[in-house]
Amino acid sequence: MGFNCGIVGLPNVGKSTLFNALTATQAAEAANFPFCTKEPNVGRVGVPDPRLDKIAAIGKSAKIIPTQLEIVDIAGLIRGASKGEGLGNQFLANIREVDAIIHVLRCFEDGDVTHVEGDVDPLRDAETVDTELMLADMDSLERRLAPLQKRAKAGDKEAKLLAEVMEKALAALQDGRAARTVELTDEQKPLFRSLTLLTGKPVLYVANVDEASAATGNALSARVAEMAKTQGAECVVVSAAIEAEVAQLADAEDKREFLATLGLDEPGLNKVIRAGYKLLDLITFFTVGPKEARAWTVHRNARAPEAAGAIHTDFERGFIRAETIDYDSFVTLGGEQACKEAGRMRMEGKEYLVQDGDIFHFRFNV
């Protein structure tokens, strides 16, 4: 099951440096000139979750396997991208394929790193990207809406429902608002998702600051945080330069000591990954045994068979029941056997809604 976030922003704001640190590779060439990234680089990152370590210790598991997110480093955008300027068409096509957007904004001054607009202004940069995405969405909707409205007038009920959603989204865009701000009914939400609008995707703003501001942020990152708040979006402050250094340290203790000297208790990347996970409205369930303790991902409100299918399609197809223990009981009582004896293991059926932190053992028959 793939869940991915695309890293976007103007050229030279630190996207590829952040990607390299996230994936602990040098897969994305980081250089001081526009369009350094032409083809999207893809990497997978483990989602930090201290619960998994506790479960593994109790279960005496030989291996620990976190759940993962896919991160896509997308080419830098410039003004006119919606009309094909720069690598505009490619940029927009790549964004359309991701589930959520990590929008990197430069919040540091550095005369050695060129800014495509000539000076540093993260709110202007955000507006540049957002405007191009909105223009692309408006163009897409305007082209698709007219023939759909004709079908709706001719009595096509499905066309009428979809046209209503498109009209709502177009009105928001014409008013200067992203499509994700539109209020939708439960019936309209799947139709909205089917439109794959660029501004319909959830957004996480990453304020990329200088090393001295990594722990507290600065005036520029504060402006980004305020903007995100008004949009109902998430915002995380990191120093991509620091994260790149941390990623090169192999020893966990060395990493902790290095971060401590900067007033940080964990890598900023952990915050980015967790925020991206939250952005996609995902939850985690676990499986545990002597061979491995493992975290798995499903969307919130997934039912037990879907969780089983995240492990293997056969598990979902032949689902019988899920032996279920909540995380708190597992840790407090000290494992599966103790939970069984205390009556804390439940047998859940096909309609059970998975809860974050559930520990499952699936029974199935194929």
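**Burial, sheet and empty space in a predicted model**

Modeller: In this protein chain of 366 residues, 48% count as buried, a label given to residues under 20% relative accessible area with a 1.4 Å probe and only protein chains as cover. The model is predicted, and local features therefore need pLDDT of at least 70 and side-chain atom pairs 80 or more, while totals for chains, interfaces and linings use all residues. Residues are numbered from 1 along each chain as its sequence is written, and side-chain values use heavy atoms, with hydrogens and water left out.

Biologist: How many helices and strands does the protein chain have?

Modeller: There are 14 helices and 12 strands in the protein chain, where helices are DSSP runs of H or I with at least four residues and strands are runs of E with at least two, numbered from the N terminus.

Biologist: What makes S1 and S4 paired strands?

Modeller: Pairing requires at least two DSSP bridges between the strands, and four join S1 (residues 4–8) to S4 (residues 68–73), which run parallel, so S1 and S4 count as paired. One of the bridge partners in S4 is isoleucine 71, set opposite cysteine 5. In S5, cysteine 5 has alanine 100 as its bridge partner, and S1 and S5 pair in the parallel sense over four bridges. S5 and S6 pair in the parallel sense too, over seven bridges, with valine 104 partnered by valine 206 in S6.

Biologist: Which strands form the open sheet, and in what order?

Modeller: The order is S2-S4-S1-S5-S6-S7, six strands with mixed pairing. Strand S2 (41–46) and strand S7 (234–238) each have a single partner strand, so they stand at the edges with one side lacking a neighbour in the sheet. From one strand to the next, the twist averages 25 degrees.

Biologist: Why is S5 called mostly covered?

Modeller: Eight of the eight residues of S5 are buried, that is, below the cut-off already given. On one side these are Ala100, Ile102, Val104 and Arg106, and on the other Ile101, His103, Leu105 and Cys107, so both faces of S5 are covered by the definition of burial.

Biologist: Where does helix H1 lie with respect to the strands?

Modeller: Helix H1 (residues 15–23) lies across S1, S2, S4, S5 (100–107), S6 (203–209) and S7, and runs at about 45 degrees to S2. Helix H10 (residues 268–279) packs on the sheet and touches S1, S2, S4, S5, S6 and S7, its direction making about 165 degrees with that of S7. Such angles run from 0 to 180 degrees between N-to-C directions of axes fitted to C-alpha atoms, for helices over the stretch in contact, contact being heavy atoms within 4.5 Å.

Biologist: What separates a cavity from a pocket?

Modeller: On a 1 Å grid over the protein atoms alone, a 1.4 Å probe fits in a cavity but cannot get out, whereas a pocket is open, with protein on both sides within 12 Å along at least five of seven lines; lining residues have an atom within 4 Å of a point. The whole structure yields one cavity of 30 Å³ or more, and the largest cavity holds about 40 Å³. Its lining includes Ala214, Val237, Val238 and Lys271, and S7, helix H8 (240–247) and H10 each give two or more residues. The largest pocket has a volume of about 850 Å³, a volume being the space filled by probe spheres set on grid points joined across faces, edges and corners.

Biologist: Which residues lie nearest the centre of the largest pocket?

Modeller: Of its 24 lining residues, these are Arg193, Gly200, Pro202, Leu279 and Leu280. Helix H6 (188–194) and H10 each supply at least two residues of that lining, and H6 gives the largest share, three residues.

Methods:
Buried means under 20% relative accessible area, exposed over 50%, partly exposed in between (1.4 Å probe, protein chains only).
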